[in-house]
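Here are my notes on this model, set out as numbered points. Please read them with the structure open.

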Amino acid sequence: MVSSLVPPKVSRAIGGAADAARMERVISFYEKLPRGSAPEAKPRGLLQWYQHKYMGKNPRAMPLVHLIGGLALLGYAQNYYFHLRHHKNNAH
């Protein structure tokens, strides 16, 4: 009954010494793997630190605040460069 479930090519190779040695290597490989959950990765670099701090387990809205502040700062810098520096010494 069980032999009808196993394909014929596989059923002939189950008891072979080469297959047993191969299975032993596979088993020894999996026995050496660490068990349990993986350790938490430490952030490396500025971008990974930022992601870990603001977008990790407890995501916050601060990246949105930082984006708005950065865009406001960029907008002011562009206004100064293209328009306000002209008014520094000259009247409009």
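1. A word on the annotation first. UniProt positions follow the numbering used here, feature names are shortened, and annotations may be inferred rather than shown by experiment. The unreviewed UniProt entry marks residues 64-82 as "transmembrane region".

2. Basis of the notes. This is a predicted model, in which local features need pLDDT of at least 70 and side-chain atom pairs count only at pLDDT 80 or more, while totals for chains, interfaces and linings use all residues. Residues are numbered from 1 along each chain as its sequence is written, and side-chain values use heavy atoms, with hydrogens and water left out.

3. Secondary structure. Helices (H or I, at least four residues) and strands (E, at least two) are DSSP runs, numbered from the N terminus. The protein has 4 helices and 0 strands. Along the sequence the pattern reads α-α-α-α.

4. The annotated segment. Residues 64-82 are 100% helix and 0% strand. The C-alpha atoms at the two ends lie 27 Å apart. The record's "transmembrane region" label covers this stretch.

5. Burial and surface. Buried means under 20% relative accessible area, exposed over 50%, and partly exposed in between (1.4 Å probe, protein chains only). Of the 92 residues in the protein, 2% are buried. Accessible areas come from the Shrake-Rupley method with a 1.4 Å probe; for residues, only the protein chains shown count as cover. The protein exposes about 8900 Å². Carbon and sulfur atoms supply 64% of that area.

6. A nonpolar patch. Patches are made of residues with over 30% relative accessible area and no salt bridge; like charges are joined within 9 Å, and nonpolar side chains (Val, Leu, Ile, Met, Phe, Trp, Tyr) within 5 Å. Met23, Val26, Ile27, Phe29, Tyr30 and Leu33 make a nonpolar surface patch of about 570 Å². Leu33 sits in the loop between α2 (17-32) and α3 (45-55). Leu33 counts as partly exposed because its relative accessibility is 35%.

7. Salt bridge within a helix. A salt bridge is a side-chain nitrogen of Lys or Arg within 4 Å of a carboxyl oxygen of Asp or Glu. The count is 2 salt bridges. One joins the side chains of Asp19 and Arg22, at 3.3 Å from N to O. Both residues lie in helix α2, 3 residues apart, about one turn of the helix. Asp19 is partly exposed at 22% relative accessibility. Arg22 is also partly exposed, at 46%.

8. Salt bridge between loops. Glu40 forms a salt bridge with Lys57, with the closest N and O atoms 3.3 Å apart. This pair links distant parts of the chain: Glu40 is in the loop between α2 and α3, and Lys57 is in the loop between α3 and α4 (62-82), 17 residues apart. Glu40 and Lys57 are both exposed.

9. Aromatic pairs. Rings of Phe, Tyr and Trp (its six-membered ring) pair if their centres lie within 6.5 Å; planes under 30 degrees apart count as stacked, over 60 as edge-to-face and the rest as tilted. The structure holds 3 aromatic pairs. One of them is Tyr50 with Tyr54: the centres are 4.7 Å apart and the planes stand at 55 degrees, so this pair is tilted. Tyr50 and Tyr54 are 4 residues apart in helix α3, about one helical turn. Tyr81 and Phe82 have ring centres 4.9 Å apart and planes at 85 degrees, so they pair edge-to-face. Tyr81 is partly exposed at 46% relative accessibility, and Phe82 is exposed at 64%.

10. Contacts around α3. Contact means heavy atoms within 4.5 Å. Which residues does Tyr50 contact, leaving aside its neighbours within four places in sequence? They are Met55, Met62, Pro63 and His66. The C-alpha atoms of Tyr50 and Pro63 are 9.0 Å apart, with their positions 13 residues apart along the chain. Tyr54 is buried, with a relative accessible area of 11%. With the four-place neighbours again set aside, Tyr54 contacts Pro59, Arg60, Met62, Pro63 and His66.

11. The end of α4. Tyr80 is found in helix α4. Tyr80 is partly exposed, with a relative accessible area of 35%. Not counting residues up to four places away in sequence, Tyr80 touches Arg85 and Lys88.
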